[in-house]
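Hi,

Here is the structure I promised to pass on. Have a look at it first, and then read my notes below.

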Amino acid sequence: MTHLHLRQVSKRFGAVQAVIDATLEVQAGEFVSLLGPSGSGKTTTLMMIAGFEEPSTGSIELAGRQVHHVPPNRRDIGMVFQNYALFPHLSIAANIAFPLKVRGRSRAETEAAVQGALALVGLQEMAARRPAQLSGGQQQRVALARALVYQPKLLLLDEPLSALDKNLREQMQIELRRIHRQVGITTLYVTHDQSEAMTLSDRIVVFNRGRIEQVGAPLEVYARPASRFAASFIGDSNILDGVVGTAANQLRLPDGTLLHAARPLLPNPGGGASLLVRPEDMHLGPPPSGADALTLQVLSVLNMGPHLLLIGQHGGRELRIRAPVSATALASEGSTVTAWWLPEKAWPIPPP
Amino acid sequence: MRRGVPTWLLLLPAVAYLLLVFGVPLGNTFWMSISEPTLGLQNFASILTDPLYARVYLRTVLVAATVTLLCLGLGYPLAHYMARRSGVVAALLLGACGLCFWISYLVRTYAWTVILGNRGPVTALARWLGVEPPPVLLFTTTASLIAMTHILLPYMVLTLYVVLARIDANLIRAAHGMGASHWQSFSRVVLPLSLPAVVSGCLLVFIFCVGFYVTPTLLGSPRDMMISSLIANEIETLLDFGSASALAMVLLAAVLVLLTVYDRLVGIDRILR
């Protein structure tokens, strides 16, 4: 069931088009990430859903009701801000009670709901403290508890983990998944961190320059990116540019090498076309039959711990290969190696 | 390890200067309050028993409280507007407030004697509107209230502005997003967070006001004397240095009590952060 529906939503700030024709359907209970670099329109989209910005054109429907003209306090949406926005003059319990108090709920009901929310995020013993006495991760949990305590129709998270260090961030990601599963609330999560989006989401919405470029499950967006931007923004990527060869799925590189794609290429009118091969799909050594291969000049070999990252060059283009540590014997800096991959791992993307 | 000049030596010139020009006269005033005309506490005794003095102190406190409330009432909305809007209007208002500090309050007091005087624009406006005879404003308590509010308003506005501008806009958004109406996000978030500034601003204006001399003397009614005028009167016409000194010491003590209260409240404020 569609819970949140954006129909051709656009937002203009003066001469700047922040969001262009964003259309998106989110199902009830889904965890959807809005992913993109800063200035791509993801936060503006979130602000329009929350009601802090009004769309220039288009409509937003939440739980079957048009909300784009409704003020934020009547939308029944929970939101977690990047800097948490906890009220410094109120205790943790009073912070969480705030949305219930302004709704005029009874004291008993408020108290029970606050206890429940504190238990959900595991901070019962912190109830009497002030926000400044809590660590960043704890403040984050309070903000989450406060956004969930009144059982809103939708939960919005605006880069909530960006201020935390790496270990805490991973811990919070696990925590967020658990809470989402436990509460089942429809959640929109804004982030510029593609690995965060991959880990957390049911679906990812890729934003670039104000437009939605792709909507899909994390693995689908990773394996089958719809645009050059999606290909390069999510994960490491090797993009090979050339022209269409004799077959629709055949790419001819400028040096004449012929490569093959899993499906027909997406040529522009001039015949230019491109392929994406992920670093972990490229292998070193003699290619088996049916594989495509390139000779590379090795620029550097980086030991990443569990694997090697080999950076090589072919025809002036830099390529990255993620190889097992045992491959050290095959490649050293300055040597020439053969890299191969199976055509089914080569995904066509639009040319530049 | 040998350090160069001890840090406290840096304070010495300023401390010496203050002791000389402030500490010595203050000590002298205190001495006069208990030694003129004879050694003893009779000056304080007469201040505390004579209803005239009590009336003047009370009037001073009432005038100062009125000015403080007027400054708060006029200043809070202005400071709130300037803090929440970023734009040409807010910048101009802030500049105008800062500019007030550059014009001596003496000049502004004289300007009010012209504006409120017999041939001033207020009288002319009243005549033009057919109010005959026009209201007498100059040399009334109303005039000194208007002028003191005008002179002290920037202090209130800037004190409030500094704190209001520092309140994270996301807090207000968060409150609004969680279901608070505009009034609720003001009364439950902005107002409590700005309360320390309200207390500071009010005490600042109030303390300034109880000791105000020039403006109430030049604009106010001679019958509604404030304490500073009374002190001047004791010295200039009655040559009663003992009573004047004792009156000044009581005023000083009252201000010190207020400053202690201020310190306590600012202490509470510090715990909040």
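Strand S8 of chain A sends its side chains two ways: Thr187(A), Tyr189(A) and Thr191(A) point one way from S8(A), Leu188(A) and Val190(A) point the other way, and all are buried. In this strand, residues 187-191, that makes 5 of the 5 residues buried, so S8(A) is largely enclosed by the rest of the structure. Keep in mind as you read that this is a predicted model.

What runs alongside S8(A)? One neighbour is strand S3 of chain A (residues 31-35), which is parallel to S8(A) and joined to it by 5 bridges. If you want to find the pairing on screen, look for Phe31(A), which stands opposite Thr187(A), and then for Val32(A), which stands opposite Leu188(A). Another neighbour is strand S7 of chain A (residues 154-158), also running parallel to S8(A), with 4 bridges between them. There, Leu157(A) has Tyr189(A) as its bridge partner.

S3(A) deserves a look of its own. How many of its residues are buried? The count is 5 of 5, so to speak a strand that is mostly covered. Phe31(A), Ser33(A) and Leu35(A) lie on one side of S3(A), Val32(A) and Leu34(A) lie on the other, and both faces are covered. Besides its pairing with S8(A), S3(A) is joined by 4 bridges to strand S9 of chain A (residues 203-208), and these two run parallel. Leu35(A) stands opposite Val206(A) in that pair.

Further along chain A there is an open sheet of 5 strands, in the order S13-S12-S11-S14-S20, and its pairing is antiparallel. Which strands stand at the edges? They are S13 (258-260) and S20 (347-349) of chain A; each has a single partner strand, so one side of each is left without a neighbour in the sheet. From one strand to the next, the twist averages 50 degrees. Within this sheet, S11(A) (residues 238-244) and S12(A) (residues 250-252) pair in the antiparallel sense over 2 bridges. One pair to look for is Val243(A) with its bridge partner in S12(A), Arg252(A).

Stepping back to chain A as a whole, you will find 8 helices and 20 strands. Its C-alpha atoms fill a box of roughly 75 × 45 × 35 Å along the principal axes. Of the 352 residues in chain A, 43% are buried. Taking the contacts in chain A with a separation of 6 or more, 64% are between residues 24 or more positions apart.

Now to where the two chains meet. Chain A puts 18 residues into the contact and chain B puts in 17. On the chain A side, strand S6 (77-80) and helix H2 (92-102) each supply at least two residues. H2(A) gives the largest share of that side, 3 residues. By class, the side of chain A that touches chain B has 14 nonpolar residues, 3 polar and 1 charged.

In chain B, I looked at how helix H3 (residues 51-84) packs against two other helices. Two packed helices are described by the angle between their axes and the distance between the axes. For H3(B) and helix H9 of chain B (residues 182-210), the axes come within 9 Å and cross at roughly 140 degrees. These two helices are therefore oblique to each other, and H3(B) passes H9(B) in a right-handed crossing. The H3(B) residues in this contact include Val61(B), Ala64(B), Thr68(B), Leu72(B) and Gly75(B), and among those from H9(B) are Val198(B), Gly201(B), Val205(B) and Phe206(B). The contact of H3(B) with H9(B) divides into 13 nonpolar residues, 4 polar and no charged.

The other partner is helix H7 of chain B (residues 141-166). H3(B) and H7(B) pack at an angle of about 40 degrees, with their axes 6 Å apart. H3(B) and H7(B) are therefore oblique to each other, and H3(B) passes H7(B) in a right-handed crossing. What classes of residue make up the contact of H3(B) with H7(B)? They divide into 21 nonpolar, 5 polar and no charged.

That's everything I have for now.

Cheers

Terms used: Residues numbered from 1 in each chain as written. Chains lettered and ligands numbered in written order. Predicted model: local features only at pLDDT ≥ 70, side-chain atom pairs only at ≥ 80, totals over all residues. Axes fitted to C-alpha atoms, helices over the stretch in contact; angles between N-to-C directions. Parallel < 35°, antiparallel > 145°, perpendicular 65-115°, else oblique. Left-handed = near helix turned anticlockwise from the far one by under 90°. Contact = placed C-beta atoms within 7 Å. Nonpolar A, V, L, I, M, F, W, Y, C, P; charged D, E, K, R; others polar. Buried ≥ 20, exposed ≤ 12 C-beta atoms within 10 Å, placed from the backbone. Pairing = 2+ DSSP bridges.
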